[in-house]
Amino acid sequence: MSAVLRAEGLWKRFGDQPVLRGVSLELSRHEVVAVIGSSGSGKSTLLRCLNLLESIDDGRILLGDDDISDPRVDADRVRSRLGTVFQSYNLFPHLSLLDNVTLASRVVRRIPRRDTEERGKVLLDRVGLGAFADEHPDRLSGGQQQRAALARAIATDPE
Ligand SMILES: Nc1ncnc2c1ncn2[C@@H]1O[C@H](COP(=O)(O)OP(=O)(O)OP(=O)(O)O)[C@@H](O)[C@H]1O
Ligand SMILES: [Mg+2]
C-alpha cells in the first residue's frame, strides 16, 4: 500500500539544540501510529513540522505524491489536507463551537456557510457535543474542548 504521509530524515534544531535527529516515518491510509517519548523529546515538534507550522533543517516530507517540504508549496493549501488536534486544543475563544468547526471549510475551502454548518453539526454530534454548538470554548471542560478540537480537525476531510 502506498504511504499517505512519509517523512524522510527530518532534522530540526532550536538554536544549538537538535530536537529531531533524522526522524523517518511512513503512514498508510487508515493506519494508526502512536509516537511515544518523554516530555520535551520532540513529539509536538515532529507534528508541527509535518503540518508546516515549523520549518525543518533537513529531510523531506511527502503528502501523497507531493513534496510538501519544498519551500515553494502553498502552506495553507497543504495544511487544509491535514488535520491537527493541538496539545492545548487552541480553539478560537471568540467563536462558538460550530464556528470553530466550520471556519476552515468556509475560509480555506470556500464552502458556503449553510453547507458547512450542516456538516459541522453532524461532526459535533459525532463527538457528543451537538447540544454545545452555540457555546463558546470557555464554557467547556477540558475533555469537551479536546473533542471539539477533534471535530474541527476532521472538518475539512483531511487525507
Ligand atoms: N519554539 C521553540 N523554541 C525553542 N525551543 C522549542 C520550541 N518548541 C519546542 N522547543 C523545545 O523542543 C523540545 C521538544 O519540545 P516538544 O514540544 O516537541 O516536546 P514534546 O515531546 O511534545 O513534549 P510534551 O510531552 O511535554 O508535550 C523541548 O526541549 C522544547 O523546549
Ligand atoms: Mg507535546
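This text walks through a predicted model, from its division into domains to its sheet, a metal site and two buried residues.

The protein is divided into domain 1, residues 3-79, and domain 2, residues 97-153. Between the C-alpha centres of domain 1 and domain 2 the distance is 26 Å.

The sheet comes next. Four strands make up an open sheet, and reading across it gives the order β2-β1-β3-β4, with antiparallel pairing. Strands β2 and β4 (66-67) are the edges, each pairing on one side only. Within the sheet, β1 and β3 are joined by 5 bridges in the antiparallel sense. One position to look at here is Trp11, whose bridge partner in β3 is Asp58. On its way to the edge, strand β3 (residues 58-63) is connected to β4 by 2 bridges, and these two strands also run antiparallel. Leu63 stands opposite Asp66 of β4. The hairpin formed by β3 and β4 has 2 residues between the strands, and Gly64 in this hairpin adopts a positive phi near 60°.

Helix α1 packs against this sheet in the sense of contact: α1 lies across β1 (3-14), β2 and β3. The direction of α1 is at about 120° to β1.

Val19 gives a view of the sheet from one of its strands. Val19 sits in strand β2, which covers residues 17-28. Val19 counts as buried because its relative accessible area is 14%, under the 20% limit. What does Val19 touch, once residues up to four places away in sequence are set aside? The contacts of Val19 are Lys12, Arg13, Phe14, Ser41, Gly42 and Thr45. Glu8, by comparison, is 11 residues from Val19 in sequence, and the C-alpha atoms of the two are 15 Å apart.

The magnesium ion, ligand 2, brings in helix α1 again. Which protein atoms serve as donors to the magnesium ion? They are OG of Ser44 and OE1 of Gln87, lying 2.1 Å from the ion. These two residues link distant parts of the chain: Ser44 belongs to helix α1 (residues 43-50), whereas Gln87 is in the loop between α2 (75-79) and α3 (97-107), and 43 residues separate them. The two donors also fall into separate exposure classes. Ser44 is partly exposed, because its relative accessibility of 33% falls between the limits of 20% and 50%. Gln87 is exposed, because its relative accessibility of 65% is over 50%.

The last stop is Thr156, in the segment after α5 (142-153). Is Thr156 buried or exposed? Thr156 counts as buried, because its relative accessibility is 8% and the limit is 20%. The side chain of Thr156 reaches the backbone oxygen of Ser80 at 3.4 Å. Apart from neighbours within four places in sequence, the residues in contact with Thr156 are Ser80, Ala104, Ser105 and Arg109. Ser80 therefore appears twice in the surroundings of Thr156, as a contact residue and as the owner of the backbone oxygen that the Thr156 side chain reaches.

Key
Residues are numbered from 1 along each chain as its sequence is written. Chains are lettered from A and ligands numbered from 1 in the order in which they are written. This is a predicted model: local features need pLDDT of at least 70, side-chain atom pairs count only at pLDDT 80 or more; totals for chains, interfaces and linings use all residues. Side-chain values use heavy atoms; hydrogens and water are left out. Donors are N, O and S atoms within 2.8 Å of the metal (3.2 Å for Na, K and Ca); water is not among the atoms, so sites may look incomplete. Buried means under 20% relative accessible area, exposed over 50%, partly exposed in between (1.4 Å probe, protein chains only). Contact means heavy atoms within 4.5 Å. Two strands pair if DSSP finds at least two bridges between them. Axes are lines fitted to C-alpha atoms, for helices over the stretch in contact, and angles run from 0 to 180 degrees between N-to-C directions. Domain bounds come from an automatic or database domain assignment. A polar contact is a pair of N or O atoms within 3.5 Å; within protein, one must be able to donate a hydrogen and the other to accept it, and residues adjacent in sequence count only if both atoms are side-chain atoms.
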